[in-house]
Amino acid sequence: MYRNYLISALRSIRQSSLYSAISIFCLATGITGAILVSLYVNHELSYDTHYDDHQRIIRIEGVYDMAGASYHLAATPFPLAFAMMEDYAEVENFVRFFMREEEVMVRSGESEYLESGFVLADSTVFDVFSHSFVHGSPEGALSAPNTIVISRSLAEKYFGNEPSIGKTLRVGDENYSVTGVIEDLPDNTHFRYDALISMSSADADLVYSNDPELYWNININYTYILLHQGSSIEEFVGKLPGFADKYANPMGDVFGASATFLATPLRETHFNNIMMAQGTGDRSTLLILSLVALFLVLIAAINYTNLATARAAKRSREIGIRKVTGASRKQLLVQFLAESMLVAFISLVLSIFLAEILLPFFNTIANTSFSLADFLKGTLPVQILFITVFTGLAAGIYPALILSNMNPSLIVKGLIYRESKKGLMRKALVVFQFAISILLVSGTFTVQQQMSFLREKPLGFEKENRVSITLHGSGPRSSIETLEQRVMQNPLVIGTTKAFSVPGGEHNVNAVRIDSDGIMQETFIAVNYVDLNYIDNLGIRLIRGRYFDPGMRSDIAQTAVINETAMNKFGWGDNIAGKQIHMQFDQEGNPQTTLRVIGVVEDFHFLSLTNPVDPMMLILPESPSSFRHLIVQYEAGEKEQVIPFLDSETRDFDQSRIPVISSLEKGFIEEFESDQRLGKIFAIFSLVTIMISFAGLFGLSSFMLEQRKKEIGIRKVLGSSAGGVLIMLYREFSWLILIAVIIAAPLSWYLMSRWLENFTFHIDMSLVPLLWSAVTAFLIAMLTVSYHSLRAAALNPADSLRAE
Amino acid sequence: MIRTVELTKVFRTEEVETTALNKVSFGINEGEFVAIMGPSGCGKSTLLNILGLLDNPSDGQYFFLDHEVSGYSEKQRANLRKRNIGFVFQNFNLIDELSVFENVELPLIYLGYSSSERRQRVEEVLEQMQIMHRKNHFPLQLSGGQQQRVAVCRAVVAKPHIILADEPTGNLDSTHGDEVMNLLESLNKNGTTIIMVTHSQRDASYAQRIIRLFDGQIVTEDKSTEFVLTAAAAQ
C-alpha cells in the first residue's frame, strides 16, 4: 500500500512540477534556516559543557552598590578564593585567572608575535577545568614561577614539529619555560585562552597577599570554584552574604560602598552579560532567532498547504476514484500526509546542500566557525529530523483533512471539488504569511535605522581623522613626549594630544566627596588625565570657566575641568566658582587630594554609546607617565600614509612591543557589533521570508485565477474591460495585505520598542518602518499577482467559458 | 439483493429545496442486468449514488444484501462498498498518475490483499479483458475504449456482487461502445449483477429490465425485450 502512496505522490509531484518546485524550494529554504539556527542555538547552549566537572564549577561575581548605582562585576578580589576555601566546607578547589594585558608581545627564537589570550592561572587550573595534554602532564605544570602551558596551535606556530617541552618563550619582558601543551579550547568556551602562565610568576604581593586595605578593593582576577560532589550550588550561594560583610565591606564602608558576592554555574556564565565578563552571549538573540526560524518554516509550510488545497480541485477526481474503489478516510489521510512528508524529506536533502553552500556566509555573519561535520554532532541530527517531520506535518495536515473529507458522490458525474466559504482558511494563511513578512521587514528597517542612528550620532567630540597609539609600561609612557615630537615632524600630522583614556575606551571611576548645597556628599566621577591640547584637539566645547593654563603651575594636579552632567548632578546650578572635589581618602576617610573646579565642558560621549554620559572630570597630571595614549590628528584622506609612518615611529620608540594603533571610532563601533550582526541576520531572514511568501503567492494566484476563469469570462462578456477585471483582482489581494498590516502593526510596534529599550541612546519609534514594509509588501504582492492577473484579464472570454 | 422502499433524496441550499428522488421503491435480484433511463435531471445519478453507497437517502429505506443501510455512516458504507460494488464511469475515472496495472490493483490494495495475490488477480483480469499488453502504460496513452476496458477491469478485479455502470459508453464511439457492452453482458452471464444508467437505447437493449425515471419518480419498469421492440418500431 505504501508503495502505491509513494508512486502516486512522486508522480503527482512530477506532474505539477512548477508548483512542486515552488513548494520544495520554499520548504528547503525554511528547513535550511531552521537547521542553521539550530546549529547556532545548540552551539550557544553547549558552552563550557566540555569540561568534565562543569556541573560543579561556579564563577564568583561581585555586586558593588555605590552612590545609588550598582556594578555587577565578573572579576573579584585576589584574596577571595583563599578565604572561600577556608570558610566553606563545600569548596573542593579553586582557580584564579588574571590577565595582565590584553595583548602581549611573544618572542620565540627570532620570531615575534602579538598575542592575546595569555592568562595567568593558579596551578590548580587543571584540577578544576579538565584539559587534555598533547605533551607534558597537568601535575605540577604550572607550579613553578615562569612556567607556561600553551595550546597545540601555538606550539605548532612557535616550534613547528619540534618538541615544545623545555623550550623558552619570551612574553613581554620575561622568559618562560614551556611545561606542557594542551589541546586548543573549543569555540564554545566562555573563558578562552591560548596560553596559561603560572600565577607564581606574578607579583606575590598582589596575587597572594591578604591585605584587606589594598586587595579587597581590586577586582581584576576571575575566580572559579569547584564544589565537592553532592554540594548544592543554591545552598552555597545562600551562604555568601555574610562572606562579603566579613571581608570586603569593612573597607568598602569607608567609601560608602557595599559588596555582595554571587555565584553563577559555569554553564550559565556565557549568558551572564555583566561588566568585565568574558565570552558573553545573549539569550534573547537565541530566542529571536529561534522564533524567526519557526516563522520561516511555518511560512514555507503555509505555501505547501495553500498550493495543495488549491490543487484540491485538480485532485478531486483521484480522491473520488480512490474512495469509490474502497479507500477509507483514514487511508487517504495517511496518503496525503505521506505525500507532504515525502516533499519535506526531498526538501531536507536539498536543504542540506543549501546549508553547506550557505555555511561560509553564515559563519561570517554569525561570527562562528561551523563545518558540515557539526551537523552530525550531539542531538542535531535528531533535531533536523524533528524539524523535517514537523514541517511535513504542518504543511500536510490541513490539505490532508480537506482532501480526505471530499464527498465521493460528486465525482461520479465528473463534478469537481469546489471550495466552501470562498477559501477563507487559505486567505487567513496568506494574511498570516504577509503579517510575518511585514513584521520582519519593519523589524529590519528599525534595526537598520537604529544602527545608522548610532553610527551618525554626534558624540560631542571629533572622532574623524584621529588615531590613538596605546603605550604599555612605565618606560615608554614617561617618555611619551619624545614620541609626540617625532610624530609631529610629519607634515601630514596636524596635531596631537595625550590622555590616560580615549573616548570610547575604559575610564577610571573614582569615589569623591563634593559640597552640594552646603552638604558634603559621597559620589562617583569618571577621571581622565589629559594634556593642555585635549579639548582643542578633540573639538570639545568649553562652556564655563576656563581650561588648564600652561602658565599656571597651580593648575597641575590641583584643578579639574568637569563636564555638564557633573555640574548638574552635583547640584551646582551653573555656578562653579569656589567648588571643590575631594578624593583619595585615607583609612579615617580624610581626603588626600582636593581639586578646584575651574571649568565646565559640554557633555561628550567619553564612554561608548551603551552607557549614558556620566559625571566626568579632566585633570592635568604632574607627570607624562599618567598618559597611556597619544592621540594623533592627521590630514583628512591621508590615513594610508600616516598609519605606516606612526607604526614605524612607534616600533622604533618602543622596540619591545608591536604598536597598537586604533581609530577613535573603534570603541563606538565595536560595542554594537553583535547588534549589527543581529541586524544583518534579520535582513537576510526577512528577505528570505518575503521571497518564500511571494513564491507562494505567485503559485496561489495562478490557481485562484484558474478557478475564476469562468467568472472573469462572464464579466468580460457582460462588458467589463480587461482593466476593470484587473482592478477587481488587485482589490481582493490588497485587502489581504491591509489586514496583514493591521495585524502586524501593533506587534511590530511592541517588539521594536522593547528592543530599542536595550539601548541607552535610541531612535524614537515611528510609523515609517511599518509604512515602508507595508508599501514593500504591497508592491511586491501586486507585481506577483500581476503576472497571472494580466494573463487572466486578457483571456478571450470565449476560451475561458469553453474551458469551464 | 437490492430493495428500496420509498427512497427519497432532497437537496437543500439556504433558500431552495430540490427533491431529486421522490419515494422510489423497487427491487433488483441477484444476477439481473438492469438499465436506469430517463431525461437529464430526472434523478438517475442521485439514485446510482445511493445504490452505490456513495450517498445516503434523506428518507426511506435501502436494503443492500439484506442490510438496511440508509442510516450507515460513511465509514460503514465504504466498508460495504469496497467488498461488494464495482463502478464503471462515463469518463472512465482512471488515475492519470498510475499505470494500467496500478489502477486495476487499487481496489485490492484497499481490501488488504498481499502483493503476490494482487499481481495474480490483476494479471488474470487484464488477460481476460485482453489489455495485458498495455499494463505498464498510463491512461493518457490509451484510446477511450481501452481506458474503459481498464476501468471495467478495475471494477471487476475484486469480484464484486454488483457492478454499477454510469453511462459506460457515453464517451466512446459505437464500435468501442459495443465492445464494452459485450464485456458487461458476459460478466452478467457469469453471475454479476449489473445496474447501468444510460441515455442510449442501444445500450439499454443489453439489459433485462429498464427502470424509467422522470422528475424523481419511477414511471415504468419494462422488460427490455418488449421495450426494444417498441423502440425498434419507433425508429
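**Notebook: salt bridges, cores and the contact of chains A and B**

I started in helix α13 (residues 312-324) of chain A, where A:Arg322 and A:Glu318 both lie, four residues apart, which is about one turn of the helix. I note here that the model is a predicted one. I looked up the pair and found a salt bridge between A:Arg322 and A:Glu318, with the closest N and O atoms 3.0 Å apart.

Next I checked accessibility for this pair. Is A:Arg322 buried or exposed? A:Arg322 has a relative accessible area of 0%, so I entered A:Arg322 as buried. A:Glu318 comes out at 7% and is also under the 20% limit, so A:Glu318 is buried too.

I then went to A:Asp374 and A:Lys377. Their side chains meet in a salt bridge, 2.8 Å from N to O. The two ends of this bridge fall into separate accessibility classes. A:Asp374 is buried because its relative accessibility, 12%, is under 20%. A:Lys377 is exposed because its value, 53%, is over 50%.

In chain B I looked up B:Asp178 and B:Arg202, whose side chains meet in a salt bridge of 2.8 Å, N to O. This pair links distant parts of the chain: B:Asp178 is in helix α6 (residues 174-189) of chain B and B:Arg202 in helix α7 (residues 201-204) of chain B, 24 residues apart. I put B:Arg202 down as partly exposed, because its relative accessibility is 49%.

I also have a network of salt bridges on record, linking A:Asp53, A:Arg56 and A:Glu92. How many salt bridges does a search of the whole structure find? I get 32 over all chains.

**Cores**

I turned to the nonpolar cores. The largest has 112 residues, and A:Phe434, A:Tyr534 and A:Leu618 have the most contacts inside it. Helix α12 (residues 283-310) of chain A gives the largest share of this core, 14 residues.

What does A:Leu618 touch, leaving out residues up to four places away in sequence? I listed A:Asn528, A:Val530, A:Tyr534, A:Ile535, A:Tyr547, A:Phe548, A:Thr559, A:Ala560 and A:Val561. Apart from the largest core lies another one, of 40 residues, and I noted B:Val100, B:Val122, B:Ala155 and B:Val157 among them.

**Contact of chain B and chain A**

The size of an interface is often given as the accessible area lost when the parts come together. I therefore took the buried area as the starting value. Chain B and chain A bury about 2,600 Å² between them, and 53% of this is on carbon and sulfur atoms. I counted in the residues as well: 29 come from chain B and 26 from chain A.

How many salt bridges are there between chain B and chain A? The count is one. I looked up the pair B:Glu102 and A:Arg11 and found a salt bridge, the closest N and O atoms being 2.5 Å apart. For polar contacts, I have three residue pairs across the interface of chain B and chain A, both residues at pLDDT 80 or more.

I then listed which elements build the side of chain B that touches chain A. At least two residues each come from α1 (44-51), α2 (74-84), β6 (85-89) and α3 (100-110) of chain B. The largest share of this side, six residues, is from α3(B). By class I have 11 nonpolar, six polar and 12 charged residues on the side of chain B that touches chain A.

How values were computed
Residues numbered from 1 in each chain as written. Chains lettered and ligands numbered in written order. Predicted model: local features only at pLDDT ≥ 70, side-chain atom pairs only at ≥ 80, totals over all residues. Heavy atoms only, no water. Core = buried A, V, L, I, M, F, W, Y, C linked by side-chain atoms within 4.5 Å. Buried < 20%, exposed > 50% of the residue type's maximum accessible area, 1.4 Å probe, protein only. Contact = heavy atoms within 4.5 Å. Salt bridge = Lys/Arg side-chain N within 4 Å of Asp/Glu carboxyl O. Buried area = accessible area lost by both parts, 1.4 Å probe. Polar contact = N/O pair within 3.5 Å; in protein donor to acceptor, adjacent residues only side chain to side chain. Nonpolar A, V, L, I, M, F, W, Y, C, P; charged D, E, K, R; others polar.
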